[in-house]
Amino acid sequence: MIPYGRQDISDSDVQSVINVLNSEYLTQGPVVPAFERVIEEYTGVKYCVAVNSATSALHIACLALGVGEGDIVWTSPISFVASSNCALYCGAAVDFVDIDPLTYNMSIDSLTLKLELARKQGQLPKVVIPVHLAGQSCDMQAISLLAIKYGFRIIEDASHAIGGKYLGNRVGNCKYSDITVFSFHPVKIVTTGEGGAALTNCKILAEKLFKLRSHGITRVPEEMTCESHGPWYYQQIDLGYNYRMTDIQAALGISQMRRIDEFIDKRHQIAKKYYELLSNLKLKLPHVEQGVISAFHLYIIRLKLDEVSSSHKEIFEFLRKNGVMVNLHYIPIYSHPFYKAMGFKVEDFPQAESFYSEAISIPMYSSLTEEQQEIVVETIKLALDRVKLL
Ligand SMILES: *Cc1c(COP(=O)(O)O)cnc(C)c1O
């Protein structure tokens, strides 16, 4: 059985975790800040706030930007539900911008049209959350120009994209956004077991994020409303959460980050081979824009449905039955029952619907061997051929 994605854990990763288990602190020790420094150095961002998941990072990112009741947040419908749930946690409303037919990221044309309409209706979004699907950065320069024109803030959901580049800069440096979020779930590029981070270049936002991560509590005398009562004293000055990452997780993260370039190289080699071996089949292969280096978290193929006689579902089932554990990223968020009840209509998202009817994520992870990759390709060929005979 070949999964679509999995972690890559080395002996030194294991040793790093053991070292923390044998140390003084399991949480709130020195390792989380050390991990944050590693992420800052790697991406070139000023501040990294490590948390227990990307979902938590998205939530406190929205809060730090002031999202609340009466606000609207826009994101891509082709994403994990966390990209939009974060707005609902804050009491805000959510809406979706259809995807680009080539990159499957938020379409700049649709965004532009929707913003113009929203301006006329007085319903502009407070925050837009572009999602870097499969590890490919969105056109952040275009989105940031629209942000200036229409006055919204930007959170990049870069859960798939640590290690990727946009116009020569590492994703996460926040050159074109207020906050960028990473995920360190085991299927992502690097892992901490569960974990995430919110990155920003803005000191005020960073301070808000730090406080929201840990109950809204401060120990900084300048932030308190009165003089300290004594060495034990702290104040809760906002309503925060316990979204802390542990030192155990951070140790794994630091160790994993030593191999991130190796992981990305390996993913690129695998992608290159897929492009070679799958190019003449009845498939649409991933398109990466000029100026972008994808982190290749996912390798998403699309079936040319009008050229094959079998259905998307049949091909998907055939692959799974034959040990290739393909997946589908993603079910359009608006089509989940919880969202459907809000009144979203599939007709508003023709590109997302078309994507959903054709997409399959095939195995892509740094420890995928050449032999396994060949099995994947042969099984795909079989699935498509079998289709022709039916
Ligand atoms: C994985 C993922 C998340 C959530 O990450 P967690 O760390 O599991 O909370 C959010 N958005 C996208 C696009 C993801 O792929």
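Among the elements of the chain in this predicted model, helix 13, which covers residues 370–389, has the lowest mean pLDDT, at 88, while strand 4, made up of residues 127–129, has the highest, at 99. Taken over the whole chain, the mean pLDDT is 97, and 99% of the residues reach 70 or more.

With that in mind, we can turn to the ligand and the residues around it. The ligand occupies the space of the second largest pocket, where 15 residues surround it. The closest of these residues are Thr55, Asp157, His160, Ser183 and Lys188. Sorted by class, the shell around the ligand consists of five nonpolar, eight polar and two charged residues. Two helices can be picked out as contributors, since helix 3 (54–64) and helix 4 (82–89) each supply at least two residues of this shell.

Looking at individual atoms, we find that a nitrogen atom of the ligand is 2.8 Å from an N or O atom in the side chain of Asp157, and that a nitrogen atom of the ligand is 3.3 Å from an N or O atom in the side chain of Ser159. Lys188 is paired with another element of the ligand, for here an oxygen atom of the ligand is 3.0 Å from an N or O atom in the side chain of this lysine. On its own the ligand has 380 Å² of accessible area, and the protein covers 93% of it.

Two details of the backbone also deserve a careful look. In the loop between helix 10 (312–321) and helix 11 (337–340) we find Tyr330, which is joined to His329 by a cis peptide bond with an omega of about 10°. The other detail concerns His215, which has a positive phi of about 70° although this residue is not a glycine. His215 is also part of a loop, namely the one that lies between helix 7 (203–213) and strand 10 (217–218).

Notes: Residues are numbered from 1 along each chain as its sequence is written. This is a predicted model: local features need pLDDT of at least 70, side-chain atom pairs count only at pLDDT 80 or more; totals for chains, interfaces and linings use all residues. Side-chain values use heavy atoms; hydrogens and water are left out. A residue is near a molecule or strand if one of its heavy atoms lies within 4 Å of it. A polar contact is a pair of N or O atoms within 3.5 Å; within protein, one must be able to donate a hydrogen and the other to accept it, and residues adjacent in sequence count only if both atoms are side-chain atoms. Accessible areas come from the Shrake-Rupley method with a 1.4 Å probe; for residues, only the protein chains shown count as cover. On a 1 Å grid over the protein atoms alone, a cavity is a set of points where a 1.4 Å probe fits but cannot get out, and a pocket is an open set with protein on both sides within 12 Å along at least five of seven lines; lining residues have an atom within 4 Å of a point. A molecule sits in a cavity or pocket if more than half of its atoms lie within 2 Å of its grid points. Helices (H or I, at least four residues) and strands (E, at least two) are DSSP runs, numbered from the N terminus. Ala, Val, Leu, Ile, Met, Phe, Trp, Tyr, Cys and Pro count as nonpolar, Asp, Glu, Lys and Arg as charged, and the others, Gly among them, as polar. pLDDT is the predictor's confidence in each residue, from 0 to 100.
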